[in-house]
Amino acid sequence: MNEAIKPSSVKMAETTKDHGKVPTKKKTPWAKFMTDDEYFPYLIKKNVRPAMWRWKDVEPQLQEVAGDPLRRADRRFIALVNADTGEAGGAVPSAFIGIQILNPGEHILPHRHNSYAVYHILQGSGYSILEGEKFEWERGDTFVCPAWAVHEHINTGEEQAIQYVFQDMPARAMERNLMWEEPIGRSFHMVEGEFSPHKD
Ligand SMILES: [Fe+2]
């Protein structure tokens, strides 16, 4: 097995040491029954309308985050969210689009997630280190970062670098299996509760 994706067995060993102490679940009130007449209407979702984000509107917002001090996320992007996707928080229900900006010299530190990422360079130049190899990029280039690949980005140019980023992050989040590691060595499951990628 690839060392990078070798699962940790620590938690399993701890929780199965003494089965007599494992609490027994008697009821799960959220386990429902539905007839077909009930189920199909439940399954039908409100349609998602086409949406468009214009550069003239995105650009000022990008410049605003570019001028801010770096905060919790240690990166600067504007997510293009179609409100019709509801809690999915996507451009469409399964996909995230973000426009990321790096000021000259800025560095997004190594991290990884089990959503894949497609990057297209709209402006500037720099490089990304993907799984220990350097990929230099400039305007017009496209590269992909597969799921769970460690990656970092550096703007080495004189101007701001702008990346168009496409990810399946909402699909992972909707399945409740979005996983993150940031910084390297701190892995977490992004579900409700104490975990989020960045804290103050
Ligand atoms: Fe990332």
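**Loops and a sheet: a quick chat**

User: Hey, where does Glu-131 lie?
Analyst: Glu-131 lies in the loop between strand S5 (125-130) and strand S6 (133-138). Keep in mind that this is a predicted model.

User: Okay, and is Glu-131 buried or exposed?
Analyst: Glu-131 counts as exposed, because just 12 C-beta neighbours are inside 10 Å, and 12 or fewer is the cut-off.

User: What's its phi, then?
Analyst: The phi of Glu-131 is near 50°, so positive even though the residue is not a glycine. Most residues other than glycine have a negative phi.

User: Which loop holds Trp-148, and what is the phi there?
Analyst: Trp-148 sits between strand S7 (142-145) and strand S8 (151-155). Its phi is positive, about 70°, and it isn't a glycine either. Trp-148 is partly exposed, with 16 other C-beta atoms within 10 Å.

User: Switching topic: in what order do the strands of the open sheet come?
Analyst: The order is S6-S5-S8-S3-S10-S11, 6 strands with antiparallel pairing. S6 and S11 are the edge strands, each pairing on one side only. Neighbouring strands are turned by 25° against each other on average, ignoring direction.

User: How many bridges join S5 to S8?
Analyst: There are 5 bridges between S5 and S8, which run antiparallel. One pairs Leu-130 with His-151 in S8.

User: Last one: what kind of peptide bond joins Glu-182 and Pro-183?
Analyst: A cis one, with omega about -10°. Most peptide bonds are trans. Pro-183 lies in the loop between strand S10 (179-181) and strand S11 (187-189).

Note on methods
Residues numbered from 1 in each chain as written. Predicted model: local features only at pLDDT ≥ 70, side-chain atom pairs only at ≥ 80, totals over all residues. Helix = DSSP H or I, 4+ residues; strand = E, 2+ residues; numbered from the N terminus. Buried ≥ 20, exposed ≤ 12 C-beta atoms within 10 Å, placed from the backbone. Pairing = 2+ DSSP bridges. Axes fitted to C-alpha atoms, helices over the stretch in contact; angles between N-to-C directions.
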